[in-house]
Amino acid sequence: MAALSRAEKSKSATAKPGKSKPGLCAAAPPPPPAPGAQIYRLLLSCPNRPGIVARVAGHIFEAGFNIGDSRQFDELDTNRFFMRIEFNPVRPDADVEAWRASFDALAEEFAMDWTLCAAWRRPKVLILVSKFDHCLADLLYRWRIDELPIDIVGILANYPREAYPHLDFGKIPFHYLPVIRETKMEQEARIWALVQETNAELVVLARYMQILSDGLAAKLSGRCINIHHSFLPGFKGSKPYHQAHARGVKVIGATAHYVTSELDEGPIIEQDVERISHHHTPEDLIRKGRDIERRVLARAVRYHIESRVLINGRKTIVFTE
């Protein structure tokens, strides 16, 4: 298996360096596929120093595994090293649990933060949505055609089910949690309860137009992705397309980022833009923006579930394809 041990599950997401951290790998995967399809993903970061690549690669090779893909990056500003490796067993005696146990010593030597995930497992995802459902519709489509290999454990909205008559949720549980100022904390308590009840490993704000409290944002640190309908930093808050039109911008965009207590200031995962001109109205910008938002959010979710993202302070390292 590629799941974390019971002891590792009990640690917080701020585990000490040299220990693997819970997150996308916190739940046991299904039985492994055929040997040729048993791909594991190692994601790590640590203070930069010579010899990291050689030691990690050697450790993988000596345990009977082969590296199929490897990416690395040295962050000069922080003197930190980031790496993503995909590897698979090539010897009958290759044992990923034995490898994990022996890797702990190497990780401690280099003060690594690291995770190991089985590529075939499907992370559990909870999606939050408000009135505008284009991002939700896109995620559902990509999920149905298996472009996003996830298990959607619930859809939570502050609008009733009747607000989405054209969407087929199938057997996905739908939770209607209306919110007003007086009931916001009770509603957030229910959101957190659903995260725990469903064992959701990732929460996606698919145009969920409610600001999460500092407490809930902290609980979901590193595993809650928001799509902001603007190219951050800039044009924050409501009606960013109207703001952009008023300023006469020549490009508009969208930003997918991790949620933090600072509104629209979380580490950015993915962005995209599209050119516009003085001929375009605010309605044109909204229409074009919907297309950008859909593809940016889908890419950010995919990067996250494929263990391609490492948070580095207020920014991210993203090992794209």
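Helix α7 (residues 240-247) packs against helix α8 (residues 282-305) with 9 Å between the two axes and an angle of about 125°. At that angle α7 is oblique to α8, and the crossing of the pair is right-handed. On the α7 side, the contact is formed by Tyr241, His242, Ala244 and His245, while α8 contributes Pro282, Leu285, Ile286, Gly289 and Glu293. Sorted by class, the residues of this contact comprise five nonpolar, three polar and one charged. The model described here is a predicted one, which is worth keeping in mind when reading the values that follow.

The burial pattern of α7 fits well beside this picture of its packing. Pro240, Tyr241 and Ala244 are the buried residues of the helix. These three lie on the same side of α7, because the arc they cover around the axis is only 100°. Their packing partners are β11 (251-258) and α8. Two of the names should already be familiar: Tyr241 and Ala244 also take part in the contact with α8. Just after the helix comes Gly248, with a positive phi near 70°.

Helix α8 also meets helix α4 (residues 134-144). Here the axes come within 9 Å of each other and cross at roughly 45°. This angle makes α4 oblique to α8, and the crossing is again a right-handed one. From α4, the residues involved are His134, Cys135, Asp138, Leu139 and Arg142; from α8, they are Arg290, Glu293, Arg294, Arg295, Leu297, Ala298 and Val301. The class make-up of this contact is five nonpolar, one polar and six charged residues. Glu293 deserves a second glance, since this residue of α8 appears in the contact with α7 and also in the contact with α4.

Burial in α4 involves His134, Cys135, Leu136, Asp138, Leu139, Leu140 and Arg142. Among the elements covering these residues are the strands β6 (124-129), β7 (151-157), β9 (202-205) and β10 (224-228), together with helix α8. The list of buried residues includes the charged residues Asp138 and Arg142, both of which also meet α8. After the helix, Asp146 has a positive phi, near 70°.

A closer look at α8 brings in Val296, which is located in this helix. With a relative accessible area of 0%, Val296 is buried. Leaving aside residues up to four places away in sequence, Val296 touches Ile227, Ala254, Thr255, Ala256, Glu270, Gln271 and Asp272. Gly253 lies 43 residues away from Val296 along the chain, yet the C-alpha atoms of the two are separated by 9.3 Å.

A second pair of residues distant in sequence involves helix α6 (residues 214-219), where Gly215 is placed. The C-alpha atoms of Gly215 and Ser261 are 7.9 Å apart, with their positions 46 residues apart along the chain. Unlike buried Val296, Gly215 counts as partly exposed, at 42% relative accessibility.

Backbone geometry offers some further points of interest. Most residues other than glycine have a negative phi. Against that background, Asn79 stands out with a positive phi near 55°. Asn79 belongs to the loop between β3 (65-75) and β4 (80-89), and is partly exposed, with 45% relative accessibility. Ala111 also has a positive phi, near 55°. This alanine sits in the loop between α3 (96-109) and β5 (113-118), and its relative accessible area of 28% makes Ala111 partly exposed.

For the chain as a whole, eight helices and 14 strands are found. Of its 321 residues, 49% are buried. Contacts between residues at least 6 apart in sequence were also sorted by separation: 69% of them join residues at least 24 apart.

Notes. Residues numbered from 1 in each chain as written. Predicted model: local features only at pLDDT ≥ 70, side-chain atom pairs only at ≥ 80, totals over all residues. Heavy atoms only, no water. Axes fitted to C-alpha atoms, helices over the stretch in contact; angles between N-to-C directions. Helix = DSSP H or I, 4+ residues; strand = E, 2+ residues; numbered from the N terminus. Parallel < 35°, antiparallel > 145°, perpendicular 65-115°, else oblique. Left-handed = near helix turned anticlockwise from the far one by under 90°. Contact = heavy atoms within 4.5 Å. Buried < 20%, exposed > 50% of the residue type's maximum accessible area, 1.4 Å probe, protein only. Arc of directions from axis to C-beta.
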